[in-house]
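Subject: Handover of a structure

Dear colleague,

Please find below the structure that I am handing over to you, followed by an account of what was found in it. I would be grateful if you would read the notes with the structure open beside them.

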Amino acid sequence: MNFRNLITYIFLVICLCLVQILLLKNLALFGVAFCFIYLLAILSFPINMRSFPLILISFGLGLLIDVFYDTLGLHAAAATLLAFLRTYWLKAISPNGGYDDANNPTLPEMGIGWYISYSLPLVFAFSLMFFIADQWGTGGLFGVLNKSLFSSIFTVILAIIVQLLFFKRRRGI
């Protein structure tokens, strides 16, 4: 990773965290679909990034969001789970020839079908962990699954929109 990419990722993380904290904190569609757009930062890190630094960065991002949401580590735990599962999920859905080291797991780089199959299960695992820990014993299984499913769909749709609007398209040769 060169210096320019590092600055780009730092800017992306700061922008997504600010949007999450300032705009999306109180946004819930019909009381069940919450948006966790800061997960786009974790999902957009390079494919060849090692898992331990990714887990530390994800924990730090989750902890930062927890500070502003007063959720006592729920975001940190769920974001750490997402970063842990990301490495294994990338291996599970890898193409026959493997990934190119220059590829980033973003919509403009990999395409819509691949991106949905990559991000939706990971965001669902995040949401499931988050809502199970949040509603431990009070929400019931149906409420947890309902919020997890709709929050995952809402987050992935918003992540796709953000990438279509703000991420550079890769120019083919």
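In which helix is the place of Thr155? Thr155 belongs to helix H7, which covers residues 140-166. Please bear in mind throughout that this is a predicted model.

Thr155 has a relative accessible area of 3% and is therefore buried, the limit for that class being under 20%. Apart from neighbours within four places in sequence, the residues in contact with Thr155 are Phe34, Cys35, Phe36, Ile37 and Val123. One of these, Val123, is itself among the buried residues of H6. As for Leu64, 91 residues away from Thr155 along the chain, its C-alpha atom is separated from that of Thr155 by 19 Å.

Helix H6 spans residues 112-134. Its 23 residues reach 31 Å from the first C-alpha to the last, which is close to the 33 Å expected at 1.5 Å a residue. The buried residues of H6 are Trp114, Tyr115, Tyr118, Ser119, Leu122, Val123, Ala125, Phe126, Ser127, Phe130 and Phe131. Their cover includes E2, H2, H4, H7 and helix H5 (107-110).

Ile112 also has its place in H6. With a relative accessible area of 47%, Ile112 is partly exposed, because this value lies between the 20% and 50% limits. Leaving aside neighbours within four places in sequence, Ile112 is in contact with Leu107 and Ile160. The C-alpha atoms of Ile112 and Asn48 are separated by 20 Å, and these two residues are 64 residues apart along the chain.

Helix H4 runs over residues 74-92. At 1.5 Å a residue, its 19 residues should span 27 Å, and the end C-alpha atoms are indeed 27 Å apart, so the expected and actual values agree. H4 nevertheless bends by about 30° at Arg86. Arg86 is also one of the buried residues of this helix, together with Leu74, His75, Ala76, Ala78, Ala79, Leu82, Ala83 and Leu90. Against which helices do the buried residues of H4 pack? They pack against helix H2 (39-43), helix H3 (51-69) and helix H6.

Two loop residues deserve a separate mention. Phe30 is found in the loop between strand E1 (28-29) and strand E2 (33-34). Its phi is near 55°, a positive value in a residue other than glycine. Phe30 has a relative accessible area of 81%, so it counts as exposed, for which over 50% is required. Leu72, in the loop between H3 and H4, has a positive phi of about 55° although it is not a glycine. Is Leu72 buried or exposed? Leu72 is exposed, because its relative accessible area of 85% is over 50%.

Finally, I turn to the surface. A nonpolar patch is formed there by Phe3, Leu6, Ile7, Ile10, Ile14, Leu18, Val19, Leu22 and Leu23, with about 880 Å² of accessible area together. Within this patch, Ile7 has its place in helix H1, which comprises residues 3-22. Ile7 is partly exposed, with a relative accessible area of 43%.

Yours sincerely,

A colleague

Conventions: Residues are numbered from 1 along each chain as its sequence is written. This is a predicted model: local features need pLDDT of at least 70, side-chain atom pairs count only at pLDDT 80 or more; totals for chains, interfaces and linings use all residues. Side-chain values use heavy atoms; hydrogens and water are left out. Helices (H or I, at least four residues) and strands (E, at least two) are DSSP runs, numbered from the N terminus. The expected span of a helix is 1.5 Å times one less than its number of residues. The bend at a residue is the angle between axes fitted to the seven residues ending there and the seven starting there. Buried means under 20% relative accessible area, exposed over 50%, partly exposed in between (1.4 Å probe, protein chains only). Contact means heavy atoms within 4.5 Å. Patches are made of residues with over 30% relative accessible area and no salt bridge: like charges are joined within 9 Å, nonpolar side chains (Val, Leu, Ile, Met, Phe, Trp, Tyr) within 5 Å. Accessible areas come from the Shrake-Rupley method with a 1.4 Å probe; for residues, only the protein chains shown count as cover. A salt bridge is a side-chain nitrogen of Lys or Arg within 4 Å of a carboxyl oxygen of Asp or Glu.
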